[in-house]
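Open the model in your viewer and keep the selection panel at hand. This tour goes stop by stop.

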Amino acid sequence: MNEMKSISQTKIIDITEISEYEKYLYRCLVGSFRRYKKRQEYLEKVIPKGFHKKLLIFDGEIGGQIEYAPAEVSYSPIIGDNVIVMNCIWVLRKAKGHNFGKLLLQDMIKSERDTAGFATIALENHWGPWFMKWQMEKLGFKSLDSIKVVHKMKHKGQVFGIYLMWMATTENAKPPKWKKEKFLEGITFCTAHPLYHSQTWKGNIFEAK
Ligand SMILES: CC(C)(COP(=O)(O)OP(=O)(O)OC[C@H]1O[C@@H](n2cnc3c(N)ncnc32)[C@H](O)[C@@H]1OP(=O)(O)O)[C@@H](O)C(=O)NCCC(=O)NCCS
């Protein structure tokens with residue numbers, strides 16, 4: 001009954017189409033809304049090419065988000081025909097316990113029903129709580145490949161795994177590939193991402209182990 005009630009009070013809105021929540025395009029659900037150059041440049045390029053960011057509104061408050069784009073423009077080194085890369089999925093702690101993660105995922109699948117499948121990354125043995133492999137598996141993703149790395153600045157010596165994760169929408173879908181060495185450069189499209197490196201950093205931020 002509680003589950004039914006909460007679902008009926010829940011909506012998912014695409015903020016690339018609705019300007020009310022535009023500031024959430026530029027950064028994460030928590031923290032400052034300062035715009036930064038790399039994110040702005042990223043959005044200008046990808047929004048016209050199929051990037052979407054959606055918010056889950058629960059009882060009038062933001063409870064979670066999902067962000068994705070076609071692999072060719074996702075700026076993750078993941079390659080595939082007709083593949084969507086999920087940049088982020090996040091349900092806030094206060095909204096946990098209602099399977100909102102699955103709800104956001106299903107909304108993406110429904111909106112992108114002609115795609116071959118969805119790719120993302122997962123981490124294992126990283127010091128932060130983000131992109132944990134078991135959570136991505138719980139959402140339905142399976143691991144295809146992995147690389148072990150260390151960060152050059154933070155938690156030096158702690159080896160963690162970056163996994164390429166995949167969820168096909170049809171049985172015969174061709175799984176994506178990745179240029180895993182490119183992940184050693186880190187990513188710049190989101191400052192909250194565990195693989196982010198600052199705009200002043202030059203060269204690889206990770207070392208393969
Ligand atoms: C993955 C995530 C989206 C799931 O959120 P959610 O849908 O609110 O999760 P729920 O609390 O409803 O739990 C979903 C399922 O996981 C299970 N679960 C939750 N916590 C668990 C735990 N610690 N151990 C085992 N199972 C757990 C629940 O029992 C439920 O199982 P069911 O589907 O069989 O009922 C959320 O945990 C999250 O945002 N994690 C961080 C993701 C991330 O790193 N994003 C990148 C930010 S940079």
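The stops below go from the whole chain to the sheet, then to a loop residue and the ligand.

**Stop 1: the whole chain**

Keep in mind that this is a predicted model. Show the protein chain as a cartoon and colour by secondary structure. The protein chain has four helices and 10 strands. Read from the N terminus, the elements follow the order α-β-α-β-β-β-β-α-β-α-β-β-β-β.

Now switch to the C-alpha trace. Along its principal axes, the trace spans about 50 × 45 × 35 Å. The radius of gyration of the protein chain is 17 Å, which agrees with the value near 17 Å for a compact globule of 209 residues. Of those 209 residues, 33% count as buried. Draw a contact map if your viewer offers one. Among contacts with a separation of 6 or more, 61% join residues 24 or more positions apart.

**Stop 2: the sheet**

Select the eight strands of the open sheet, in the order β1-β2-β3-β5-β6-β8-β7-β10. The pairing is mixed. Which strands stand at the edges? They are β1 (10–14) and β10 (206–208). Each has a single partner strand, so one side of each is left without a neighbour in the sheet. Look at the twist as well: on average, neighbouring strands of this sheet are turned by 30° against each other, direction ignored.

**Stop 3: β1, β2 and β3**

Start from β1. Five bridges join β1 to β2, and the two run antiparallel. Pick I12 to find one of the pairs: its bridge partner in β2 is L56.

Select residues 52–58 next, which make up strand β2. Is β2 largely enclosed or left open? Six of its seven residues are buried, so the strand is largely enclosed by the rest of the structure.

Add residues 61–70, strand β3. β2 and β3 pair in the antiparallel sense over seven bridges. Label K53 and look across to β3, where E67 stands opposite. Then go to the turn. β2 and β3 form a hairpin with two residues between them. D59, in the turn, has a positive phi of about 55°.

**Stop 4: β8, β7 and β10**

Select residues 142–151 for β7 and 160–168 for β8. These strands pair in the antiparallel sense over seven bridges. Label V149: its bridge partner in β8 is F160.

Now add β10. Three bridges join β7 to β10, again running antiparallel. Label V150, whose bridge partner in β10 is E207.

**Stop 5: T191 in its loop**

Step back to the loop between β9 (177–178) and β10, where T191 is found. Is T191 buried, partly exposed or exposed? T191 is partly exposed, with 18 other C-beta atoms within 10 Å. Show its contacts: T191 touches R27, Y36 and Y196, not counting residues up to four places away in sequence. Then draw a distance line to R39. T191 and R39 are 152 residues apart in sequence, yet 8.5 Å apart in space, C-alpha to C-alpha.

**Stop 6: the ligand**

Finally, centre on the ligand. Which of the 18 residues around the ligand come nearest? They are V91, K96, G101, W130 and Q135. Show these as sticks.

Next, colour the shell by element. β5 (83–91), α3 (100–111) and α4 (133–139) each supply at least two residues. β5 gives the most, with four residues. Recolour by class to finish: the shell has nine nonpolar, six polar and three charged residues.

Technical notes:
Residues numbered from 1 in each chain as written. Predicted model: local features only at pLDDT ≥ 70, side-chain atom pairs only at ≥ 80, totals over all residues. Near = placed C-beta within 6 Å. Nonpolar A, V, L, I, M, F, W, Y, C, P; charged D, E, K, R; others polar. Pairing = 2+ DSSP bridges. Axes fitted to C-alpha atoms, helices over the stretch in contact; angles between N-to-C directions. Rg over C-alpha atoms; globule rule 2.2 N^0.38 Å. Buried ≥ 20, exposed ≤ 12 C-beta atoms within 10 Å, placed from the backbone. Contact = placed C-beta atoms within 7 Å.
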